[in-house]
Amino acid sequence: MSLERFINQAVSSWMGTEGPDSDIVLSSRIRLARNLNNYKFPTLAENEEASRVLNAVEAWAHESKGPNGEKLEMLKMNEVQPLQKRVLVEKHLISPHLAEQSRQGACLLSENEEFSIMVNEEDHIRIQCLFPGFQLSEALEAANDIDDWMETSFDYAFDEKYGYLTSCPTNAGTGLRASVMMHLPGLYLTQQINRIVPAINQLGLVVRGIYGEGSEALGNIFQISNQITLGKSEEDIVEDLKSVVKQLIEQERSAREALAKTSNIQLEDRIFRSYGVLANSRIIESKEAARCLSDVRLGIDMGYLKDISKNILNELMILTQPGFLQQYAGGPLRPDERDIRRAAMIRERLRMEKNKL
C-alpha cells in the first residue's frame with residue numbers, strides 16, 4: 001500500500017482540517033463520563049453484568065444513528081487485535097485502559113472519527129468529541145448533543161446533590177474532562193515552560209503529555225485539562241480552561257517573536273537542521289523524531305519553511321508511533337526495525353509534500 005493511501009485510510013478526517021489558532025492548538029477534546037442506573041460500575045461489576053451493559057449499548061447502536069445521521073461502528077475489544085488496539089490509542093480514539101479490557105469493553109466510532117463512545121471503560125459510557133484547533137465550546141456542544149441523544153434511551157446514575165455518579169470521585173458532578181493539545185516550542189526554547197506549568201496546576205488545571213496521564217510531552221506537545229468536575233457547571237469549566245489557553249496562546253506567540261528578534265539565525269539553523277535530519281535519516285528514534293517534527297512545525301508556522309502542509313506534525317506524530325509503524329509494515333517490528341521504518345516513512349512523507357509543488 002502506498003503511504004498516501006495509508007495516510008488517507010489511517011488518519012482521522014478531522015486531522016486534515018485546520019481550526020482556530022491551529023498554529024498552537026492542535027486539537028480540542030471533550031469527554032463526558034456516564035454510568036447506567038441500577039448497574040454496578042465497571043470497577044466492581046462481574047463479567048455477566050458488564051456483558052448486559054455491552055449488549056444494551058450494542059442493541060441501541062444497531063437501531064440508532066448519530067445526532068447528525070452518522071453511522072456508528074462498534075469495535076469490541078475482545079475481537080480487536082493488540083496491534084489494532086494500539087493504533088486506536090495512538091489516534092486518541094480509545095484510552096489505554098480500555099485497550100487492556102479483554103472481556104466486555106467496546107468502542108462506538110462515528111464515520112469521520114470525530115466522536116467515539118467507550119463502553120465499560122472505567123465508567124459504563126465515556127463520550128468523547130475531538131475537534132481541530134481551539135474549539136472547546138463547539139466540542140462541548142457536540143458532546144452534549146450525543147449525551148442528550150443517549151439519555152433518551154438510557155437511565156443515567158445521577159444524584160441531585162453530587163450530579164453524575166462516576167467510578168472515580170474526581171469525575172463526579174459534571175463528569176466532564178475538557179482538554180486541549182498545544183504545541184509550545186517557543187515557551188520551551190525560552191525556558192518559560194518550567195515556571196508556567198506549576199502556575200497552571202495551581203489554577204485547578206493539569207498539564208500532561210500527548211497521551212494524557214503518565215505520558216511524556218514529546219515534541220513540545222502538552223495536553224492541558226481541568227481537574228475539577230464537581231461544583232461547577234460544564235460551561236464554567238470550559239470557560240476557565242479557555243481563559244488559560246488564550247493566555248498560553250499569547251505567551252507562546254510572544255516567545256516566538258522574541259526568538260525571531262534575539263536568536264533569529266540560531267532558530268533558523270535549528271529548524272533547517274531538524275528538517276535535514278528528517279529528510280535524510282535512515283534511522284531515527286521516536287524522541288528525536290518528535291523533537292525534529294516540532295522544530296519543522298515551528299518553522300512552517302513562522303514562515304521559515306515554505307510549501308509544507310501545517311498538518312504534517314499532526315500526521316507524523318501519529319504515523320510514527322509504534323502501532324502505526326507496525327500496521328504499515330504489516331506485522332510486529334523490533335525497536336531497531338521501527339526506527340528504520342520511522343525514518344523511511346518520514347522521508348517518504350516529505351517527498352510527497354515536494355511532489356505536490
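Which helix holds the place of Glu90? Glu90 sits in helix H3, which covers residues 82-90. What you're looking at throughout is a predicted model, and the legends below start with the whole protein before zooming in.

**Figure 1. The whole protein, all 357 residues of it.** We've got 13 helices and ten strands here. Lay the C-alpha atoms along the principal axes and they fill a box of roughly 65 × 45 × 35 Å. The radius of gyration is 21 Å, which agrees with the value near 21 Å for a compact globule of 357 residues. As for burial, 55% of the residues count as buried. Take the contacts with a separation of 6 or more, and 71% of them come from residues 24 or more positions apart.

**Figure 2. The surface and the charges of the protein.** The accessible surface comes to about 16400 Å², with 46% of that belonging to carbon and sulfur atoms. On the charge side, count 41 positive and 52 negative side chains. The centres of those two sets lie 7 Å apart.

**Figure 3. Glu90, in helix H3, and its link to Phe324.** Is Glu90 buried or exposed? With a relative accessible area of 4%, Glu90 falls under the 20% cut-off, so it counts as buried. Its side chain reaches the backbone nitrogen of Phe324 at 3.0 Å. Also worth picking out in this view is Met317: 227 residues away from Glu90 in sequence, but 9.2 Å away in space, C-alpha to C-alpha.

**Figure 4. Helix H12, residues 322-329, where Phe324 sits.** Buried residues in this helix are Pro322, Gly323, Phe324, Leu325 and Gln326. Phe324 is the residue whose backbone nitrogen takes the polar contact from the Glu90 side chain. Follow the chain past H12 and you come to Gly330, with a positive phi near 90 degrees.

**Figure 5. Asn226, in strand E10, and its backbone partners.** Strand E10 runs over residues 221-226. Asn226 has a relative accessible area of 3%, which means it is buried. Which backbone atoms does its side chain pair up with? One is the backbone oxygen of Leu176, at 3.1 Å. Another is the backbone nitrogen of Ala178, 2.7 Å from a polar atom of the Asn226 side chain.

**Figure 6. The residues that Asn226 touches.** Leaving out residues up to four places away in sequence, Asn226 touches Leu176, Arg177, Ala178, Gly204, Leu205 and Ile237. Among them are Leu176 and Ala178, the two backbone partners from the previous view.

Terms used. Residues are numbered from 1 along each chain as its sequence is written. This is a predicted model: local features need pLDDT of at least 70, side-chain atom pairs count only at pLDDT 80 or more; totals for chains, interfaces and linings use all residues. Side-chain values use heavy atoms; hydrogens and water are left out. Buried means under 20% relative accessible area, exposed over 50%, partly exposed in between (1.4 Å probe, protein chains only). Helices (H or I, at least four residues) and strands (E, at least two) are DSSP runs, numbered from the N terminus. The radius of gyration is taken over C-alpha atoms; the globule rule is 2.2 Å times the number of residues to the power 0.38. Contact means heavy atoms within 4.5 Å. Accessible areas come from the Shrake-Rupley method with a 1.4 Å probe; for residues, only the protein chains shown count as cover. Lys and Arg count as positive and Asp and Glu as negative; His and the chain ends are not counted. The place of a charge is taken as NZ of Lys, CZ of Arg, CG of Asp or CD of Glu. A polar contact is a pair of N or O atoms within 3.5 Å; within protein, one must be able to donate a hydrogen and the other to accept it, and residues adjacent in sequence count only if both atoms are side-chain atoms.
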